[in-house]
Amino acid sequence: MILNIFGFLMMAFSAMALGLLFIGIARKVVARVQKRIGPPFYQPYLDVLKLFTKNSITHGFIFDFGAIMAFGGMITTLFFVPVGPFVLYGMNGTLLLVIYLMAVAYLGMAMATVGSGNPLASVGISRALTQMLGYELPFIVVLLTLIYSSNTSSIIGIVQAQQSGFMNWNLINIPIGTAVAFIALLGLMGKKPFDAPVAPSEIASGPVVEHGGKYLAFIMLQHAVSVVVKTALFVDLFLGGGNNIFIFIVKMLIVWLLAALIGSIFPRFKVEEGVLFYWRWPLIAALLQAVIIIF
Amino acid sequence: MSKDKSSIFSPAVSFKNLFKKPETIKVPEENKKTAKRYRGFHINDLDKCIGCGTCSKICDNKAIKMVELENVKTELGQRNERPKIDYGRCCWCGLCVDICTTGSLQFTQDYTYINHDAESFSYIPDNKNINKIESAIGYERDQDSELLDLYRIEMQELDAESRVQSFMEIVKGFSKKQAEKEASRCVECDICTEACPASMNIPEYIRGIYDEDLEESLKQIYEDNPLPEVCGRICTHNCESICSISHRGEAVSIRWLKRYAVDNVDLAEYNKILGTEKIHQVDKKVAIIGAGPAGLSAAHYLKLMGYQITVFEAESKAGGMMRYGIPEYRLPYDKLDKDINYIKNLGVEFKFNIRIGKDISLSDIKKEYDAVFAATGLHNGRSTRIPGTENNNVYQAIYLLKQITKGEEIPLTKKIVVIGGGNVAMDIARSLARLQKKKYGQVNVLVTSLETEDIMPADQEEIEEAREEGVDFEPGRGPKEIIVSEDGSISQICTNCCVSVFDDDMNFNPTFDDQDIQNYECDMVVEAIGQAGDNSYIDDNYDIKYEGPRIKVNDKQQTSLPWLFAGGDIVRGPDVINGIKTGHNAAQGIDEFLKN
Amino acid sequence: MGKSKRTEMFFGPNHPGVPGNYGINYFYEGDTVVSAEPNPGHLHRGFEKLMEEREWIKNTPLVCRICVMEPDINEMVYAMSFEAIGEIKIPKRAAYIRSIILELARIQAHIFSIGGNCGAIGLYTAMQWGVLTRDYILDIFEEITGGRVYHIYIRPGGVRHDIEDVTLQKILDLLNDLENNRMPEFQKLIFENPIAQKRWKNTAVLNQEDALSLGVTGPALRATGLEHDVRKLMPYAAYDQVDFKVPTGEDGDAWTRLKLKKDEIFQSIKIIRQLVNNIPAGPVSLNLGNALKYKIPAGEAYVKIESSRGEYGYYVVSDGGLKPYRVHVRGTSTPLGLYGVETLLPGCRIEDVPVWAHSLGICPPEFDR
Amino acid sequence: MRSENELIELLNRDLNLLSVKKLRKQNISIRLENEELVSGLNYLKSHSYIHLATISCVDWIEDNQFELIYHLFSYEDKISLSVKTKINRQKSRFVTIKNLWGVAKYYERDIHDFFGIKFTGNDNMDELILENWNEIPPMRKDFKTRQYVDKKYDWRQYHGQE
Amino acid sequence: MNNKYESNKWQEVINWVQKRSLFMLHYCTGCGAIELPPTMTSRYDMSRFGIGPAATPRQADILLITGYLSTKTLRRVIYTYEQMQDPKFVMGFGSCTINGGMYWDSYNTIKQLDKYIPVDLYIAGCMPRPEAILEGFLKLKEKIETGNADGYKKYNKEYETYKKNQEKVLGEVKRRQ
């Protein structure tokens with residue numbers, strides 16, 4: 001039991017550390033695209049530490065609870081996603097559970113937003129929830145296809161099914177689905193062009209507009225963990241997972257940097273344009289992929 | 001709309017920057033050099049700066065304040081103030097640098113100054129800027145960004161050929177347009193006021209001319225100077241030699257502007273403009289001895305205070321040296337009369353042809369008057385006393401000039417040598433040239449002076465004009481002997497080279513080089529080496545103190561005898577403006593003396 | 001979550017999306033603005049009053065502060081009104097140099113504006129590049145004038161300094177770099193970007209009728225199909241000496257305006273090349289005498305020039321004194337930034353409000369003054 | 001396309017001008033009676049002077065008058081036309097032209113802010129640029145900004161470093 | 001609120017962290033803001049020092065007063081400043097914040113920023129160049145590290161004085177947290 005708790009904590013802290021590192025590296029890479037040097041890769045650590053030293057102001061219980069719920073929801077999700085060889089819960093059906101749990105973080109954010117009472121935040125969170133409608137549909141279709149083709153809904157099962165070599169990766173098996181899933185991943189992570197929920201120039205960073213100090217630190221950590229969770233999930237599902245933690249991290253990094261780079265050269269969609277976009281080509285492609293796989 | 005090219009892959013071209021060097025400048029490790037012309041922090045050459053305050057005037061933001069500094073040079077024409085710049089106001093527009101009259105204020109290329117203390121953003125620039133470092137010079141003025149008007153309006157003058165024909169006034173004076181343009185050149189720094197012996201409100205009356213308000217100008221002028229027609233023509237204009245514009249360009253023609261202002265107001269208007277139609281009278285009497293500039297000035301100001309004034313004058317007309325010393329081509333008599341008439345109109349009584357000490361004694365005057373102001377001037381010529389000066393054909397300039405004014409016949413020959421390098425020498429040389437031209441049709445006057453041309457006390461323009469009129473110069477030569485031929489007439493003047501005029505203590509002590517001897521042919525010699533006064537009328541009854549050759553006075557011109565005040569050339573000078581000043585001073589002194 | 005409810009939103013002044021310190025108070029329902037009201041005045045410094053208090057020359061450092069995006073137009077139009085009232089004719093070389101400066105300023109402002117528009121839709125890379133590119137133009141300005149942003153270069157009677165041949169060559173090099181390297185990059189990243197096109201097309205549409213009745217000028221008017229440009233209508237400086245086209249568009253939306261700005265950059269490059277190659281020798285300024293005593297006869301002038309955003313006008317009244325009697329500034333974006341907000345913004349989506357403000361070139365300091 | 005002289009002729013014929021002045025090339029200014037201003041502007045608008053650049057106001061305090069200047073422009077004639085009228089300074093009220101040009105509404109509000117002139121028919125006369133202003137309107141000539149500043153703010157007194 | 005920073009060692013660590021990560025509020029109060037884009041973007045890239053823009057006052061550490069403040073803006077700046085969380089730092093850009101600058105005789109701008117909110121650093125210039133702004137940030141970091149950037153403490157301590165000055169120019173100031 002104690003070992004278990006220790007494992008939880010280790011896992012959570014490593015994920016935070018890894019996520020912040022990823023964010024730092026992405027900033028550096030994007031800076032290079034923008035012809036500049038960019039911050040040091042360890043900058044996000046400092047940002048979070050600094051935010052913890054700041055005073056912060058609460059907007060009531062719901063606000064606090066929402067923040068904790070968002071953070072907790074994401075940490076919980078982490079326990080169900082295998083990161084390389086580290087698997088905490090590997091039971092059957094985790095894939096759908098993970099998808100569900102990821103929504104908890106958003107709900108937490110929504111609660112915090114209601115607590116803060118800022119119109120910009122509410123616009124932001126309503127956008128986030130609207131956008132969820134968009135990317136989840138093709139994503140679910142792809143996942144169902146995946147479950148169908150792997151004959152399991154457990155993430156571990158899907159990973160194991162790809163273990164026998166590069167040619168068994170779902171990237172090769174269901175290439176169109178992978179592409180669709182990647183696009184959905186962009187929305188899932190709130191990367192451009194699907195970052196309408198946090199658009200600084202429109203709604204001043206949206207849901208987190210009233211978060212300062214420690215609250216913002218939690219939101220940043222939550223974001224860091226979500227980066228790890230989401231990229232890990234993608235690697236697990238399509239890039240063959242990995243028993244070697246280093247190879248796994250490299251795979252995650254590639255996925256993450258690809259997303260960051262795409263984000264650097266595209267502006268953001270309007271939220272309904274984003275939703276319509278998902279419902280058009282990705283959905284058709286996902287269905288097409290399903291048809292190909294099933295028949 | 002379909003014609004707009006678009007592709008998902010086009011923007012991906014940007015990824016090539018991943019493999020390029022970033023364009024970021026790594027401040028602070030590598031600092032980009034600013035452009036040569038960058039407007040950074042100010043520096044100021046404190047020795048060159050004259051404290052004129054023009055920078056402070058042009059400043060849009062009142063960012064420049066002139067503050068007094070103790071350890072700066074303060075020669076004549078320099079104030080002990082230096083600009084203090086407030087970087088809580090400055091906008092680095094550079095107008096101050098563009099207009100700086102001396103060019104002492106400059107920009108550096110340094111631009112970083114950060115401090116938590118807002119109080120530290122004001123500083124006095126010297127050769128180091130606000131960071132206390134020396135930095136490369138940044139922005140500099142060039143002729144396109146010049147904000148001053150450096151060149152004066154050329155004064156219309158008679159040409160040399162026609163002016164040498166007669167005693168007509170040479171300078172024609174400004175037209176209205178010219179005067180306004182010239183007046184606009186003034187930056188109103190007030191440094192001239194400090195240099196003016198009479199402390200005239202020069203910027204104010206120039207401003208009046210610029211604003212087309214000559215009445216205001218006249219008022220300002222009469223504050224300190226009751227003889228503007230005279231000063232507008234023959235003043236030694238110390239103001240112009242230190243004019244702040246003159247550091248980079250030509251001084252404002254202050255003298256001509258004054259002349260323009262008074263020339264263009266009718267004498268009949270004076271009383272109205274100056275508010276002297278009715279003067280409150282005081283029942284005290286003051287005697288003034290001598291109707292020269294000092295006497296007239298004192299008479300004017302005392303009259304305005306209401307005293308009963310009597311002026312005693314040895315000659316038959318008022319004006320003193322202004323009339324009898326200065327030739328008509330420089331100061332026409334009608335202009336002089338205009339000034340004098342105004343003073344007469346105020347109710348000043350003149351008694352002409354009365355020589356003090358001869359026709360009336362000082363003690364007689366003292367009996368009748370409550371106070372006496374003596375301004376008898378320097379009316380006697382000095383002689384070089386070299387061998388040959390006792391000859392009949394050796395004259396002294398001061399007497400000749402008086403004779404010319406009076407219209408008397410003066411001795412004239414074909415080859416004349418004038419000894420002396422001052423303005424009197426020029427006056428006599430040029431007068432003689434005119435007379436020669438009239439009589440013989442040609443000019444042959446030679447001026448020798450101890451001083452070389454660069455240190456000659458005469459005005460440069462006088463020398464130039466004399467030269468144009470045909471006067472020859474042999475500067476830097478001392479007279480050694482006048483060689484008289486056997487028949488008693490002068491044949492030559494022998495001169496030696498003057499090595500230096502002043503000794504190390506700046507005392508007059510010329511040294512000569514006897515190897516370098518030059519003889520010039522001539523048949524008449526005029527000495528113009530200075531004048532002396534005659535104070536013998538202050539007879540032995542009175543115990544009066546002297547300071548060197550001059551009467552000792554306090555700052556109100558009061559001599560050691562409380563009722564006797566002295567002024568003019570016998571105290572200070574010799575020139576008109578000092579005379580006016582001492583007259584004005586004495587008026588105040590007498591007023592104080594009589595009130596107590 | 002606030003849907004279909006009328007909610008008030010304070011857009012600015014403290015908001016990353018507004019162009020400057022400026023506010024729009026609007027009500028929205030769902031995601032659509034239903035009514036809006038401008039909230040200007042945050043940058044009001046009382047310029048017009050200050051100018052009445054200062055001598056003619058002292059206003060030259062002041063005027064450029066009216067519009068920080070493009071300060072030179074202010075210097076130019078102020079100098080022009082001074083010259084118009086005083087009937088002063090400036091030397092030919094000065095006119096050429098003024099045109100060069102104004103065109104460089106136009107390029108700079110357009111690039112900055114394109115960058116700002118990209119920032120408004122989240123294309124930060126383009127924003128970074130835009131500002132970067134602008135900075136190279138500022139370097140040239142610094143070399144010519146001694147200041148990066150506030151140049152205080154165009155002054156009554158001409159310009160403050162001559163441009164050396166070396167600098168002219170640098171300008172040409174910069175234009176080559178711009179034309180051959182940087183603009184193609186922008187072309188690929190911004191103008192061929194499908195999502196950017198999607199965001200801009202049919203966004204913030206301003207039709208011709210509205211544009212004319214509001215008194216909108218510049219790219220916003222030209223994007224509706226009219227070829228109105230003060231440089232052609234009332235040529236000033238050296239614009240009658242050069243050959244250039246006035247690009248126009250048809251749709252009047254943000255996309256058309258942006259494309260126009262891009263085309264205008266190329267036209268400006270063309271203009272500068274002609275000017276640099278044909279620049280006459282001679283003096284670059286008239287000496288108007290002592291700057292403390294500039295005086296022009298009583299009179300008045302409404303002078304306008306084409307800024308990067310449209311007509312920029314000054315109405316100057318002189319009473320013959322040392323100071324202007326009255327100066328009235330007609331900032332280009334005044335009609336849009338005030339009345340336009342009220343009439344054109346309703347119907348716009350919340351996320352398009354920054355696009356609206358940026359693409360129509362709202363510049364608050366010029367109507368706050 | 002009319003030339004300046006043709007325009008002047010036309011205006012003299014159709015409008016009751018108080019004065020007309022050709023300022024310089026492509027620049028004309030005319031003066032109208034108060035009552036005829038709106039109809040005059042209407043006439044001009046229908047004669048291609050559709051561009052209202054701005055409305056200026058000048059305070060002629062010595063004549064006790066405000067002068068309103070409507071800057072028009074015609075894209076056809078390429079002439080900039082300033083239409084002026086003077087109103088009494090004490091009354092400081094004039095009619096709005098917002099029915100001709102809607103944008104005038106804000107120009108008038110701006111003038112109200114700075115000169116305190118009310119425009120009949122333009123009901124929203126709230127403060128636009130200024131906030132909580134309760135002095136003489138700042139652009140009037142009798143408002144002395146230096147005195148106001150001295151009263152309201154104070155300057156930094158630098159000491160030390162002397 | 002300072003009680004919890006009792007230990008010096010602990011405070012040093014906090015200072016060290018705070019200095020390495022600074023969020024700057026993106027609020028263009030005056031014309032100096034035009035030099036911020038170059039400072040933020042590729043040419044000068046202030047993110048190298050861990051300084052980045054923040055969209056809302058809640059998240060920001062540094063408030064930049066980029067030049068003159070009209071009274072209307074001052075009101076918003078006070079709101080903003082009070083919304084920001086301690087520790088917070090204020091930097092004044094250029095002449096206008098020090099003694100009125102160009103607008104020294106303008107009826108609508110304040111003349112001395114530090115009468116209304118505490119200022120930690122001033123940068124000379126009108127407006128300061130990006131290089132100077134960067135140097136300013138570096139200097140601010142130095143101050144934070146040594147614990148001298150304590151303007152916000154001063155504001156809390158002398159709140160009444162500041163409030164009096166604010167209300168002198170603004171009338172009543174509505175305050176919100």
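## A guided tour of the predicted chains

Start by selecting chain A, where residues 24 or more positions apart account for 81% of the contacts with a separation of 6 or more. Keep in mind throughout the tour that this is a predicted model.

**Chain A**

With chain A still selected, switch to a cartoon view and follow the chain along its sequence: there are 13 helices and zero strands, so the pattern reads α-α-α-α-α-α-α-α-α-α-α-α-α. The radius of gyration of chain A is 19 Å, close to the 19 Å that the globule rule gives for 295 residues, and chain A is therefore as compact as a globular protein of that length. If you turn the chain, its C-alpha trace spans about 55 × 50 × 40 Å along its principal axes, and buried residues make up 61% of the 295 residues.

Next, colour chain A by pLDDT, for which the mean is 78, with 92% of the residues reaching 70 or more. Which elements of chain A have the lowest and the highest mean pLDDT? Select residues 200-203 of chain A to see helix H9, which has the lowest at 64, and then residues 245-265 of chain A to see helix H11, which has the highest at 85. Where pLDDT is low, the predicted coordinates should not be read in detail.

**A helix and a sheet in chain B**

Move to chain B and select residues 214-224, which form helix H7, and then pick out its buried residues, namely Leu214(B), Ser217(B), Leu218(B), Gln220(B), Ile221(B), Tyr222(B) and Asp224(B). These buried residues of H7(B) pack against several helices of chain B, among them helix H6 (202-210), helix H8 (228-234) and helix H19 (576-595).

Staying in chain B, look for an open sheet of five strands with parallel pairing, in the order S9-S8-S7-S10-S23. Strand S9 (349-351) and strand S23 (564-566) of chain B stand at the edges, each with a single partner strand, so one side of each is left without a neighbour in the sheet. Neighbouring strands of this sheet are turned by 20° against each other on average, direction ignored.

To look at one pairing in detail, select residues 371-374 of chain B, which are strand S10, together with S23(B), and you will find that the two pair in the parallel sense over three bridges. What is the bridge partner of Val372(B) in S23(B)? The partner is Leu564(B). Now add helix H12 (residues 293-305) of chain B, which packs on the sheet and touches strand S7 (285-289), strand S8 (308-312) and S10 of chain B, while its direction makes about 170° with that of S8(B).

**Where chains meet**

Show chains B and C together, since among the nine pairs of chains that touch, the most contacts are between these two. The contact takes 32 residues from chain C and 36 residues from chain B. On the side of chain C that touches chain B, the elements giving two or more residues include helix H2 (59-63), helix H5 (124-145) and helix H6 (165-191) of chain C, and H5(C) gives the most, with four residues. By class, this side of chain C has 11 nonpolar, 11 polar and 10 charged residues.

Then select chains D and E, where 11 residues of chain D are in contact with 12 residues of chain E; the chain D side divides into five nonpolar, two polar and four charged residues. As a last stop, display chain A with chain D: no contact joins them, and their closest C-alpha atoms lie 25 Å apart.

Terms used: Residues numbered from 1 in each chain as written. Chains lettered and ligands numbered in written order. Predicted model: local features only at pLDDT ≥ 70, side-chain atom pairs only at ≥ 80, totals over all residues. Rg over C-alpha atoms; globule rule 2.2 N^0.38 Å. Buried ≥ 20, exposed ≤ 12 C-beta atoms within 10 Å, placed from the backbone. Contact = placed C-beta atoms within 7 Å. Nonpolar A, V, L, I, M, F, W, Y, C, P; charged D, E, K, R; others polar. Pairing = 2+ DSSP bridges. Axes fitted to C-alpha atoms, helices over the stretch in contact; angles between N-to-C directions. pLDDT = per-residue confidence, 0-100.
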